[in-house]
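These are my comments on the model, set out as numbered points for discussion. Please read them alongside the coordinates.

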Amino acid sequence: MEVILKEDVNKLGHRGDVVKVADGYGRNYLLPEKLAIEATSANKAVIEQMKSSAVRKSAKEKSGAEELGKQLDAVELVFERKVGEHEHLFGSVTSGDIAHQLQEKGFTVDRRKIALDDPLRTLGEFHVPIKLHREVTAHVKVTVKSDAPEELAAVAAPASDEAAEEGTED
């Protein structure tokens, strides 16, 4: 089956491309999701108009993505999580968590555009790529830290100070 892509489809093609796909994939996924139209002779005539509008739309999306990318490069997100032994998190920081915190800061980013291969499961600083456009990728600094390091340090520090003072008085 030949179809004309109306949107970019990962690992298949870009908007406006005419591609051959399996009948089931085209009928059951691409057409119902309005990601493609059948490549009939009438639709092939319309494809030229689609391509010109697609170029304009892509240029507009790219400029918007570049602007958003510049803003996102300056963003730093901090997540506090419970930590077990060896600085291993009890939970993890996922792309959904990152998208939610970005939304709280006023940035609307779909979690599927956050290119996080595996959830973050250790403490530290990470630079997470966000694919805003096929040619534009921003990086957000994500810091994962323990949710109670100050409390533990405050409890442990006075006890060690008292022990040190007792040792000097003798």
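1. Two strands are taken as paired if DSSP finds at least two bridges between them, and helices (H or I, at least four residues) and strands (E, at least two) are DSSP runs numbered from the N terminus. On that basis, a hairpin joins β7 to β8 through two residues, and these strands pair in the antiparallel sense over nine bridges.

2. This is a predicted model, in which local features need pLDDT of at least 70 and side-chain atom pairs count only at pLDDT 80 or more, whereas totals for chains, interfaces and linings use all residues. Residues are numbered from 1 along each chain as its sequence is written, and side-chain values use heavy atoms, with hydrogens and water left out.

3. The hairpin strands belong to an open sheet of three strands, ordered β4-β8-β7, with mixed pairing. Because β4 (76–81) and β7 (124–133) each have a single partner strand, they stand at the edges, and one side of each is left without a neighbour in the sheet. Neighbouring strands are turned by 30° against each other on average, direction ignored, where axes are lines fitted to C-alpha atoms (for helices over the stretch in contact) and angles run from 0 to 180 degrees between N-to-C directions.

4. β4 and β8 (residues 136–146) run parallel and are joined by six bridges, with E76 standing opposite K141 of β8. Helix α3 (residues 95–104) packs on this sheet and touches β4, β7 and β8, its direction making about 125° with that of β4; contact here means heavy atoms within 4.5 Å.

5. A nonpolar core is a set of buried Ala, Val, Leu, Ile, Met, Phe, Trp, Tyr and Cys residues joined through side-chain atoms within 4.5 Å, and buried means under 20% relative accessible area, exposed over 50% and partly exposed in between (1.4 Å probe, protein chains only). The largest such core has 23 residues, and those with the most contacts inside it include L72, I98 and I130. β8 supplies the largest share, five residues.

6. Where does I130 sit in the pairing, and which residue of β8 is its bridge partner? The partner is A138, and I130 also touches, among others, L72, L102 and I114, leaving aside residues up to four places away in sequence. A second, separate core of eight residues includes V3, V19, L30 and L35.
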